[in-house]
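Q: I am new to this structure and would like a close look at a single part of it. Could you take me through the nonpolar core and the aromatic rings associated with it, and then say a little about what lies outside?

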Amino acid sequence: MRRGFTDYCRMVQQAAAHKAEEKDPALLSLHYALACYAMYAEDGPGHPVETPFPGGLSVEQDGRIYYCPVRDHADDVPFALCPFCPAVQTTGVHLIRDPQERDRIQKQGYIENYFTNFKG
């Protein structure tokens with residue numbers, strides 16, 4: 001299990017206590033339980049792949065790496081999943097919204113890398 005599980009549980013407890021001041025925190029607790037399973041049991045992102053975010057970007061997977069467009073904004077949202085999530089901030093080619101254009105640029109990068117680093 002990844003580090004930070006105890007801190008995650010502490011944060012969830014604080015979030016539920018804060019939410020209980022307004023209304024029943026049951027749905028929030030379910031949300032955090034599902035995210036906990038995704039992050040700590042499956043080692044995936046807290047938000048599922050293809051979760052849309054403002055600006056038209058979404059959580060993406062490239063091999064075993066997950067990219068999140070809002071990862072760096074964790075401090076802007078109280079009780080955010082971001083500090084505990086294994087996803088990394090979306091950068092470079094992952095910022096291109098058109099999937100075909102992104103794939104073309106990514107494949108071109110693989111070709112350039114092959115010819116630059118070929119040791120055969």
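**The core and its rings**

A: The place of phenylalanine 118 is in the segment after helix H3 (99-117), and in this predicted model the residue belongs to a nonpolar surface patch that Phe118 forms with Ile111, Tyr114 and Phe115, the four having about 480 Å² of accessible area together. That patch is a useful point of contrast before turning to the interior.

The largest nonpolar core has 17 residues, and those that touch the most other members are Tyr8, Met11, Tyr32, Met39, Tyr40, Leu81 and Phe84. At least two residues of this core come from each of helix H1 (5-20), helix H2 (26-41) and strand S2 (65-68), and H2 gives the most, with five residues. In soluble globular proteins, nonpolar side chains tend to be buried together. Leucine 81 shows how the contacts run: leaving aside residues up to four places away in sequence, leucine 81 touches Tyr8, His31, Tyr32, Ala35, Met39, Gly46 and His47.

Several of these names return when the aromatic rings are considered, for the structure holds four aromatic pairs. In one of them, tyrosine 8 and tyrosine 32 meet edge-to-face, with 6.3 Å centre to centre and 75 degrees between the planes. Because tyrosine 8 lies in helix H1 and tyrosine 32 in helix H2, this pair ties together parts that are 24 residues apart in sequence. Both tyrosine 8 and tyrosine 32 are buried.

Tyrosine 8 also pairs with tyrosine 40, and here the arrangement is tilted, with 5.7 Å centre to centre and 55 degrees between the planes. This second pair likewise links distant parts of the chain, since tyrosine 8 is in helix H1 and tyrosine 40 is in helix H2, 32 residues apart. The relative accessible area of tyrosine 8 is 1% and that of tyrosine 40 is 7%, so each counts as buried, the limit being under 20%. Taken together, ring pairs link Phe5, Tyr8, Tyr32, Tyr40 and Phe84 into a cluster.

Away from the rings, the loop between H2 and strand S1 (60-62) holds aspartate 43, a residue with a positive phi of about 55 degrees although it is not a glycine. Aspartate 43 is partly exposed, with a relative accessible area of 38%. Glutamate 50, which lies in the loop between H2 and S1, also has a positive phi, of about 80 degrees, without being a glycine, and glutamate 50 is exposed, with a relative accessible area of 63%.

How values were computed: Residues are numbered from 1 along each chain as its sequence is written. This is a predicted model: local features need pLDDT of at least 70, side-chain atom pairs count only at pLDDT 80 or more; totals for chains, interfaces and linings use all residues. Side-chain values use heavy atoms; hydrogens and water are left out. A nonpolar core is a set of buried Ala, Val, Leu, Ile, Met, Phe, Trp, Tyr and Cys residues joined through side-chain atoms within 4.5 Å. Buried means under 20% relative accessible area, exposed over 50%, partly exposed in between (1.4 Å probe, protein chains only). Helices (H or I, at least four residues) and strands (E, at least two) are DSSP runs, numbered from the N terminus. Contact means heavy atoms within 4.5 Å. Patches are made of residues with over 30% relative accessible area and no salt bridge: like charges are joined within 9 Å, nonpolar side chains (Val, Leu, Ile, Met, Phe, Trp, Tyr) within 5 Å. Accessible areas come from the Shrake-Rupley method with a 1.4 Å probe; for residues, only the protein chains shown count as cover. A salt bridge is a side-chain nitrogen of Lys or Arg within 4 Å of a carboxyl oxygen of Asp or Glu. Rings of Phe, Tyr and Trp (its six-membered ring) pair if their centres lie within 6.5 Å; planes under 30 degrees apart count as stacked, over 60 as edge-to-face and the rest as tilted.
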